Structures are given as structure tokens and as C-alpha cells.
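Student: I would like a close look at a single part of this model, the kind of reading that begins at one backbone position and follows the surroundings outward. Could you go slowly and keep the geometry explicit?

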Amino acid sequence: MKPRILVGREVFPEVLARLGEHFEVDDNQVDVILGVEGLKARLADKAGALTAATDPVTAAVIAAAPKLKAVCNFAVGYNNIDLAACTSAGVMATNTPGVLDDTTADLAWALLMATARRLPAAERWLRNGEWKGWQFIQWLGTDVHHATLGILGMGRIGQALARRALGFDMKVVYHNRTRLPDDDEAACRARWVEKDALLRESDFLVLLLPYSPATHHTIGVAELALMKPTAHLINVARGGIVDDEALISALRQRRLCGAGLDVFEGEPKFNPGFLELDNVALTPHIGSSSHATRMAMAMRAADNLIAALAGRRPPDLLNPEVLK
Ligand code: 8YV
């Protein structure tokens with residue numbers, strides 16, 4: 001008999017077909033949010049799960065799933081999974097590193113350009129029929145070329161973003177707990193600086209660090225106060241890394257020039273204060289959303305689950321301690 005697995009959210013039919021070769025699949029193609037109670041009910045008899053960042057794999061969920069051996073996220077972030085609870089229950093957990101770096105860096109770049117050149121507000125103005133004539137002094141934005149790009153969190157996506165900045169002749173500074181090896185710094189012409197220097201020097205500050213209790217409100221009132229009033233903040237990482245209330249107030253008072261945001265505290269019910277601002281570019285958590293990349297993410301998660309339930313080490317195992 002094939003092992004039974006759950007797929008937490010709607011995925012492409014190709015992914016279900018691949019999983020179906022190995023497992024008896026309980027899918028969620030109607031795409032309801034299962035939440036803690038839904039996951040507890042649906043995982044009670046399952047050996048594995050393919051989960052999204054919207055599936056809360058909490059200690060209570062793990063406890064309600066006595067047969068569970070592996071939880072495979074189709075996301076690189078895994079703050080939806082209680083890793084310690086997985087480990088103590090002997091459940092393997094995996095994510096999808098590597099396959100979404102360029103797509104997410106592309107979106108960060110798009111938001112950076114959009115906020116710099118005020119694209120969303122200019123388009124709204126045009127659509128509203130307010131363009132009565134071309135003017136020399138109209139819709140003035142911020143130059144991206146030759147500006148200073150600051151990156152907080154210099155993993156694979158941060159480095160992909162830094163490489164994009166080379167074509168714009170930008171100066172690139174970054175802050176990360178650990179410095180990159182010299183060769184990697186040279187490849188993206190990036191210089192490590194202290195966090196406060198990063199905040200002070202950046203014309204565009206892009207956040208690319210994982211969310212955890214330790215990174216909650218990494219950017220709040222004090223950090224925003226260090227930034228240049230001409231600077232722009234871009235967040236494509238996770239809601240909660242920024243104190244959204246503090247950001248809204250800085251943007252409203254023009255203590256910060258603009259922001260490009262793909263993630264929010266409490267999404268999808270984000271702070272309505274953002275909607276009153278003209279100096280923000282807003283997208284609904286679509287960092288990795290190209291067809292090819294979302295397919296690669298789901299297939300990578302499927303590979304992890306197939307390996308785990310066949311007794312092999314999954315390629316993206318987050319808690320290798322479970323194998324001991
Ligand atoms: C996901 C993401 O698509 O990978 C991540 O961590 O934020 C996105 O790429 C999203 O979280 C849905 O799972």
C-alpha cells in the first residue's frame with residue numbers, strides 16, 4: 001500500500017501526478033486554508049505533507065499526526081513550521097532553497113524600480129484621467145543608477161540582487177551575521193558594513209533575511225530614524241521583520257521617501273494605512289511567483305517527500321538531528 005500524504009494548498013496537476021506515482025494523495029485543489037484545526041484533522045492518518053508558508057505546522061499539529069514522518073515546505077522560508085517540535089517527534093522537515101533566488105531577486109528589483117520612479121502612483125494618476133499635459137517638472141523620481149544599494153541578509157537571494165546592481169553601476173553594501181568569503185564579495189562587488197552604517201548609507205535598503213522571533217521588528221522606529229529621508233525600503237522577505245506601523249508613519253511624514261513591499265504583518269489583512277500612501281509600491285507576496293519557479297518549488301518539495309518516505313535523506317533536510 002502506498003503511504004498517505006496531504007498536499008496543504010492547490011498545486012499544479014503535474015505535481016499531483018508525480019506525487020501520485022508514489023503516494024495516496026489527499027489534495028486541497030479547492031485551496032481552502034486548513035489552519036491548525038484543518039491540518040490536525042487531515043494529518044491524523046498521513047505519513048507526509050507538502051506544505052506552504054500559509055500552513056501552520058505547530059507543535060499541536062505534529063502531536064495530532066502520530067504517523068507523520070516528513071513535512072516538506074514548498075517555500076524557502078519555514079517560519080510556519082515548528083522545527084523543534086518536528087525534531088522531537090522524529091519528523092523530517094525540508095524547504096526549497098536555491099530554486100527561487102533569481103525570481104525573488106527579480107521582484108525585489110521590480111519593486112525597487114517601481115518605488116524609485118513612482119510607477120504605481122503615476123499609473124493611478126494616468127488611469128484616473130488626471131494627465132492634462134506634459135510638464136517638465138512632473139513625477140520626479142529617484143535615480144537608481146550610481147546610488148547605494150544596501151542589502152540586509154546576504155544569502156543566495158541577496159547575492160543575486162547585488163549582481164543585478166552591477167549593471168546599474170551601484171555601490172553595494174551589505175550586512176549579514178557572517179561576512180561572505182572574499183571571492184563571493186568580489187563577484188557581486190559588495191562591501192560588508194555594520195548594521196547602523198548600512199541604514200545610514202543606503203539609498204535603497206532591501207531586506208532579505210529570514211523571519212524568526214530574533215528578527216521580529218528588525219526595522220522599527222529607531223532604525224527608520226537612521227535612514228536618509230531620500231531613501232527607499234524594500235521588503236520581499238517576511239512580514240514582521242518590519243514594524244509596519246512605524247514604517248507607515250515614516251512614509252506619511254516623508255521621513256522616508258518610499259517603499260516597495262511584497263510582505264506585510266498579518267497578511268493578507270495588512271495595515272490599511274499603506275493604502276492611504278502614494279509613496280509605496282505594494283504586491284501580494286508574489287516574490288517567487290513565476291510559473292517556472294513555482295513549478296520548480298513544488299517539484300523540489302515533492303522530491304524531498306519522495307526521498308524522505310523512501311527512507312533516504314531528503315536533499316533539503318532542515319533538521320538532520322532526526323536521523324540520529
Ligand atoms: C512562497 C516565500 O511562494 O519561499 C518563500 O519563503 O515566501 C514564497 O516563495 C510563499 O511563501 C508561499 O509558500
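Tutor: Helices and strands here are DSSP runs numbered from the N terminus, with at least four residues (H or I) for a helix and at least two (E) for a strand. The model is predicted, and a loop is a convenient place to start. Trp-139 sits in the loop that lies between α6 (119–127) and β6, and although Trp-139 is not a glycine, its phi is positive, at about 50 degrees. With a relative accessibility of 26%, Trp-139 counts as partly exposed, because that class lies between the 20% limit for buried and the 50% limit for exposed.

The strand at the end of that loop is β6, residues 148–152, and Thr-148 belongs to it. Thr-148 has a relative accessible area of 9% and is therefore buried. If residues up to four places away in sequence are left aside, Thr-148 touches Met-170, Lys-171 and Val-173, and also Glu-201, Ser-202, Asp-203 and Phe-204. A longer separation can be given for the same residue: Glu-223 is 75 residues from Thr-148 along the chain, and their C-alpha atoms are 17 Å apart.

From there the path leads to strand β9 (residues 204–207), where Leu-205 is found. What is the relative accessibility of Leu-205? The value is 0%, so Leu-205 counts as buried. Its contacts, again without residues up to four places away in sequence, include Gly-150, Ile-151 and Leu-152. Leu-152 can also be placed by distance, since its C-alpha atom is 7.3 Å from that of Leu-205 while the two residues are 53 apart in sequence. Among the other residues touched by Leu-205 are Leu-198, Leu-199, Ile-219, Met-227, His-232, Leu-233 and Ile-234.

Helix α5 offers two buried residues for comparison with these strand positions. Asp-101 is in α5, which spans residues 101–116, and a relative accessibility of 10% is why Asp-101 counts as buried. A polar contact of 3.4 Å joins the side chains of Asp-101 and Arg-156. Outside the span of four places in sequence, Asp-101 touches Arg-156, Ile-157 and Ala-160. Thr-104 is in α5 as well, and its 6% relative accessibility makes it buried too. A polar atom of the Thr-104 side chain lies 2.9 Å from the backbone oxygen of Leu-100. The contacts of Thr-104, with residues up to four places away left out, are Ile-157, Val-236, Gly-287 and Ser-288.

The loops hold further backbone features. Arg-189, in the loop between α8 (182–187) and β8 (190–192), is not a glycine either, yet it has a positive phi of about 45 degrees. Arg-189 is exposed, with a relative accessible area of 53%. Pro-268 lies in the loop between β11 (258–261) and β12 (280–282), and the peptide bond that leads from Glu-267 to Pro-268 is cis, with omega near 5 degrees.

Two helices earlier in the chain show how burial can be described by direction around an axis. In α1 the buried residues are Val-15, Leu-16 and Leu-19; seen down the axis of α1 they fall within an arc of 100 degrees, so they line one face of the helix. These residues pack against β1, β2 (24–26), β3 and α12. The axes of α1 (residues 13–20) and α12 (residues 291–309) come within 10 Å and cross at roughly 10 degrees, which means that α1 is roughly parallel to α12, as angles under 35 degrees are classed that way. On the α1 side the contact involves Glu-14, Val-15, Arg-18 and Leu-19, and on the α12 side Met-295, Ala-298, Met-299, Ala-302, Asp-303 and Ile-306. Of the residues in this contact seven are nonpolar and three are charged, with no polar residue.

Helix α2 (residues 35–43) has Gly-35, Gly-38, Leu-39 and Leu-43 as its buried residues. They cover an arc of only 115 degrees around the axis, so they sit on the same side of α2. An α-helix has 3.6 residues a turn, so residues three or four places apart point the same way. The buried residues of α2 pack against β1 (4–7), β3 (48–51) and α3 (59–63), whereas the exposed residues Glu-37 and Ala-41 are carried on the face turned away from that buried side.

Note on methods. Residues numbered from 1 in each chain as written. Predicted model: local features only at pLDDT ≥ 70, side-chain atom pairs only at ≥ 80, totals over all residues. Heavy atoms only, no water. Axes fitted to C-alpha atoms, helices over the stretch in contact; angles between N-to-C directions. Parallel < 35°, antiparallel > 145°, perpendicular 65-115°, else oblique. Contact = heavy atoms within 4.5 Å. Nonpolar A, V, L, I, M, F, W, Y, C, P; charged D, E, K, R; others polar. Buried < 20%, exposed > 50% of the residue type's maximum accessible area, 1.4 Å probe, protein only. Arc of directions from axis to C-beta. Polar contact = N/O pair within 3.5 Å; in protein donor to acceptor, adjacent residues only side chain to side chain.
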